[in-house]
Amino acid sequence: MFKEYSPLDDKLFQVMDNNGKIINPAWMPEISEERLQKAFKDMLFARQADLMAVSYQRQGRMFTYPPNYGQEAISGGLAQVMRDQDWLVPAFRELGAWLAKGATLKEVFLYFMGYEDGTVFKNAKNITPISVPIASQLIHAAGIGYAINYKKEDSVVYAITGDGGTSIGDFHEALNFATVWNAPVVFIVQNNQFAISVPFKKQTRSINIAVKGIAYGMSCIKVDGNDLFAMTRALREAEAHAREGKGPVLIEALTYRRGAHTTSDDPTKYRTKEEEEQWSITDPLDRLRKYMVAQKLWDASQEETLLAEYKKEIDRQFEEAENYPAYPLDDVFKYMYADITDDLKEQKVEHEKFLKWKEGLK
Ligand SMILES: Cc1ncc(C[n+]2csc(CCOP(=O)(O)OP(=O)(O)O)c2C)c(N)n1
Ligand SMILES: [Mg+2]
């Protein structure tokens, strides 16, 4: 696969077109009907939770949130390959992947409400905390991969970063180290076309991101990240490659961040409606729905009832997070300096005011 779809030729690995038609049957992954229905439902749930997370934040009930809207097929593919013993090393825009690894929505909400507990992911095995310092987690992924070889374990590491992350030194160090040591790491770059307001064309002069792997001597491929089948197949091939001791793989997953960077960003300042509309035809859920309806695997009329159930469940988990015991405010301010600085003092006063206001809402 990695030879057939060489990033040097800027080839894009796709299985399904925008109308849900299989255009590359030779590479169609085997997924049982049941699993496919679950994958679709999980993607639907993640999208609904994502939309609601933005609205909770807008109501002042959560500090911030980085939307995943439009990127669901990447996590959807990961859900097909990740086993308990495999590692997930995420950045911060990974709702579907966190859930697939066993994290709860309540934990994710807690994290974005400012609780450290939210990133412990108690029931998820082999997952590292949410990583906001861009690309720093990739170094950890390379190290975990090294340790897997050293301990002769049967695990694979799935490490995620964004297109912006590829301009950071850590990305290159991690790729080089993992290749030199034959570490079983699958690096996934969610190329969602933006790093906050920086468009992809200003991120690199390389013809694509996948091609960067060639310099390190690793296998690499550019995949349609909005195509669940292409993502699943590419990840399976990458997993087999890594587990057979052939070294790490770099997957560039081409996608589009349909939402804002975070809830404190306004994308209308740096991109056009036309561009958004153009990408909307590649939407991962719409494409999968078209395929499934055509195959009689999905009855779209049942979706409304399902969404109503999901909304209830999401609200329930959000309310549980909201009722979590408050953390001591000093935990936020106390540990950086021996004597708290003036600007931190001001921030503390502001935060106390905010908490009072929030209390008043109840
Ligand atoms: C080391 C570091 N530098 C800068 C930032 C501020 N920052 C937060 S998100 C972001 C852009 C990340 O873009 P990308 O890697 O494409 O991921 P995306 O947000 O698109 O998922 C930046 C620069 C940071 N968090 N860490
Ligand atoms: Mg990006």
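Q: Two strands pair if DSSP finds at least two bridges between them, so what makes strand 2 and strand 3 a pair?
A: Six bridges join strand 2 to strand 3 (residues 185-191), and the cut-off is at least two, so they pair. The two strands run parallel. One partnership to find is Gly162, whose bridge partner in strand 3 is Gln190. Strands here are DSSP runs (E, at least two residues), helices are runs of H or I with at least four, and both are numbered from the N terminus.

Q: What should you know about the model and its numbering?
A: This is a predicted model, in which local features need pLDDT of at least 70 and side-chain atom pairs count only at pLDDT 80 or more, while totals for chains, interfaces and linings use all residues. Residues are numbered from 1 along each chain as its sequence is written, and chains are lettered from A and ligands numbered from 1 in the order in which they are written.

Q: What makes strand 1 and strand 6 edge strands?
A: Five strands form an open sheet in the order 1-2-3-7-6, with parallel pairing. Strand 1 (87-89) and strand 6 (219-224) each pair on one side only, and that makes them the edges.

Q: How do you know that strand 7 pairs with strand 3 and with strand 6?
A: Six bridges join strand 3 to strand 7, and six bridges join strand 6 to strand 7. Look for Val189, whose bridge partner in strand 7 is Glu252, and for Val223, which stands opposite Ala253 in strand 7.

Q: Why is the crossover from strand 6 to strand 7 called a β-α-β crossover, and which hand does it have?
A: The chain goes from strand 6 through helix 8 (residues 228-243) to strand 7, and the crossover is right-handed. Right-handed means that, with the strands pointing away from the viewer, the path from the first strand over the helix to the second runs clockwise.

Q: Why is Lys269 called buried or exposed?
A: Lys269 has 7 C-beta neighbours inside 10 Å, so it counts as exposed (exposed is 12 or fewer, buried 20 or more, partly exposed in between, with C-beta atoms placed from the backbone). Lys269 sits in the loop between strand 7 (249-254) and helix 9 (273-280).

Q: How do you know that strand 7 is mostly covered?
A: Six of its six residues are buried. Val249, Ile251 and Ala253 lie on one side, with Leu250, Glu252 and Leu254 on the other.

Q: Which residues come nearest to ligand 1?
A: Of the 16 residues around ligand 1, Ile134, Gly162, Gly164, Gly165 and Ala195 do. Strand 2 (157-162) and strand 4 (194-195) each give two or more residues to this shell.

Definitions and conventions. Near = placed C-beta within 6 Å.
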